[in-house]
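Here is a short report on one structure, written for the bench. Keep the sequence and the 3D view open while reading.

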Amino acid sequence: MKELIEAAKNEDNLEGLREIHPDLYQQLVEQGFFVKQSDNEIEKVRQRIDDVNYNEEEYYLIINSTMNCNFGCWYCYETHKKNSHISDASLQKIKKFIENTLEKNKKITKYTIQFFGGEPLLDYKKSVLPIMDYAFKKAQQRGIILLLNFTTNGYLISDDMIQDFLKYKVNGFQITLDGNRDEHDKVRFVSKTKGSYDKIVENIKKIVRNKMSVVLRINYTEKNLKELDLVFEDLEDLELEYRSLITFSLNKVWQESNNNLGEKVSTFLSLATNKGFSLPDALLSDRVENSCYADKFNQATINYDGNVYKCNARDFTDENKEGILNDEGVVEWNEKRTFRMEHKLKNKACLECRILPICGRGCSQNMIEHVDKDYCVNDFDEAKKDDIILSMFLSENVEKI
Ligand code: SF4
Ligand code: SF4
């Protein structure tokens with residue numbers, strides 16, 4: 001097949017391919033490999049990015065209920081603030097905001113609320129629970145889908161909370177481990193003699209046994225990768241039927257300088273699949289179709305203090321603020337948000353890049369941090385681009401191979 005395509009290309013006779021292998025030709029046209037000379041592909045990508053990011057049927061709300069945390073991990077980018085809580089007045093504003101977004105956007109069919117922080121479960125009863133309850137009732141009245149997610153360290157999850165999660169149909173958690181028990185407990189501990197690993201692992205099992213899913217993020221370093229397999233021993237008693245509800249996601253701690261850990265990571269991940277756990281869908285590598293929530297118009301990250309952001313991977317400072325939630329429950333956005341949403345694809349490297357239609361120039365945060373600078377989220381590395389294509393191809397065709 002490859003030879004056929006190459007011959008047609010070298011002889012500049014793609015029409016000849018249509019005669020020899022009409023099905024293949026048709027597929028290549030349908031999937032956009034063959035395009036008309038007159039087609040403006042860059043414009044099509046721009047249009048696709050806009051279509052996805054200005055989708056009016058969904059809203060994505062992130063709520064930082066506190067910036068406080070019960071742990072103090074060395075790599076955490078958040079600045080912990082002891083007395084950071086959603087006040088009663090702010091709670092009312094957030095409820096109004098949910099109501100307003102639903103009132104204003106009649107096309108919304110899916111509303112996602114992600115609780116983030118800090119550790120969102122620290123203020124569970126006072127702010128998280130009332131917001132879940134309010135949003136759940138509103139979604140029921142409107143007949144729309146409500147997705148409730150938590151990014152939590154998992155330590156504070158109690159049986160009572162699990163009953164609430166079931167009542168409000170919470171669907172997902174992201175919980176982090178910093179390696180096996182020994183490694184994790186060096187980073188996340190309650191006191192010098194009390195770690196957190198065992199309790200977190202037990203809570204993960206409780207969640208999936210109640211049929212809710214967990215993205216189990218492992219923050220890895222060269223050191224903690226060495227005996228990471230021990231994590232599987234601690235999950236060994238989890239019944240096979242629940243294992244696929246745990247998706248392993250390995251992320252290198254940004255301070256780790258060794259860039260040659262890929263093989264160890266792959267070995268760990270294939271062991272995970274052999275044991276019945278899930279891996280992130282490689283189709284998510286299509287960053288145009290699955291753009292970050294911060295790229296979307298219908299999205300806000302509301303901080304406990306009423307300041308509003310888009311990206312939640314940067315500090316929640318005044319400098320990064322993109323709006324403020326007013327007393328009427330409306331976000332007054334500033335020029336930063338306008339710039340983020342209106343700054344179009346301009347980077348020269350991206351305009352010439354063969355994977356632009358699936359990379360889309362990275363996220364909006366990358367783009368605004370590199371205005372007038374040439375950049376590539378894949379380090380201009382053609383091998384990395386090949387890996388993205390290959391993993392997408394394999395995930396789409398795994399059953400056919
Ligand atoms: S850095 Fe980019 S991908 Fe990450 S949260 Fe921010 S906008 Fe999204
Ligand atoms: S891989 Fe790099 S150059 Fe290509 S579209 Fe993505 S960011 Fe741009």
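Which residues surround ligand 2?

## The shell around ligand 2

This is a predicted model. In it, the residues surrounding ligand 2 are A349, C350, C353, I355, L356, C359, R361, C376, V377, N378 and K385. Two elements give two or more residues to this shell: α15 (348-351) and α16 (356-359). By class, the shell around ligand 2 has eight nonpolar residues, one polar and two charged.

Two cysteines of this shell can be checked for burial. C350 has 9% relative accessibility, so it counts as buried, the limit being under 20%. C359 comes out at 12% relative accessibility and also counts as buried. As for sulfur pairing, the structure holds zero disulfides.

## The shell around ligand 1

Ligand 1 has its own set of surrounding residues: C292, A294, C311, N312, A313, R314, C363 and Q365. Five residues of the shell around ligand 1 are nonpolar, two are polar and one is charged.

## The sheet

Ten strands make up an open sheet. Their order is β8-β7-β4-β3-β2-β1-β9-β10-β11-β12, with mixed pairing. Why is one side of β8 and of β12 left without a neighbour in the sheet? β8 (246-252) and β12 (331-333) stand at the edges, and each has a single partner strand, so one side of each stays free of a neighbour in the sheet. From one strand to the next, the twist averages 25°.

Helix α9 (residues 197-209) packs on this sheet. The helix touches β4 (172-177), β7 (213-220) and β8. The direction of α9 makes about 155° with that of β4.

## Strand pairs

Several neighbours in the sheet can be followed bridge by bridge. Strand β2 (residues 110-116) pairs with strand β3 (residues 145-152) in the parallel sense, over six bridges. Here Y111 has L146 in β3 as its bridge partner.

β4 and β7 are also a parallel pair, joined over six bridges. F173 has V214 in β7 as its bridge partner. β7 in turn runs parallel to β8, and seven bridges join them. Across that pair, L216 stands opposite F248 in β8.

## F173 in strand β4

Is F173 buried or exposed? F173, found in strand β4, has a relative accessible area of 3%, so it is buried. Leaving aside neighbours within four places in sequence, F173 is in contact with F150, T152, I157, F165, I207, M212, S213, V214 and V215. V214 thus appears twice for this residue: as a contact and as the bridge partner in β7.

For a sense of distance, take F173 and L269. They are 96 residues apart in sequence, and their C-alpha atoms are 20 Å apart in space.

## L245 before strand β8

L245 sits in the loop between α12 (240-243) and β8. The relative accessible area of L245 is 24%, so this residue is partly exposed. Not counting residues up to four places away in sequence, L245 touches V208, K211, M212, S213 and V214. Among the residues that L245 touches are M212, S213 and V214, and these three also contact F173.

How many residues apart in sequence are L245 and F277? They are 32 residues apart, with a C-alpha to C-alpha distance of 7.1 Å in space.

Definitions and conventions: Residues are numbered from 1 along each chain as its sequence is written. Chains are lettered from A and ligands numbered from 1 in the order in which they are written. This is a predicted model: local features need pLDDT of at least 70, side-chain atom pairs count only at pLDDT 80 or more; totals for chains, interfaces and linings use all residues. Side-chain values use heavy atoms; hydrogens and water are left out. A residue is near a molecule or strand if one of its heavy atoms lies within 4 Å of it. Helices (H or I, at least four residues) and strands (E, at least two) are DSSP runs, numbered from the N terminus. Ala, Val, Leu, Ile, Met, Phe, Trp, Tyr, Cys and Pro count as nonpolar, Asp, Glu, Lys and Arg as charged, and the others, Gly among them, as polar. A disulfide is a pair of cysteine sulfur atoms within 2.5 Å. Buried means under 20% relative accessible area, exposed over 50%, partly exposed in between (1.4 Å probe, protein chains only). Two strands pair if DSSP finds at least two bridges between them. Axes are lines fitted to C-alpha atoms, for helices over the stretch in contact, and angles run from 0 to 180 degrees between N-to-C directions. Contact means heavy atoms within 4.5 Å.
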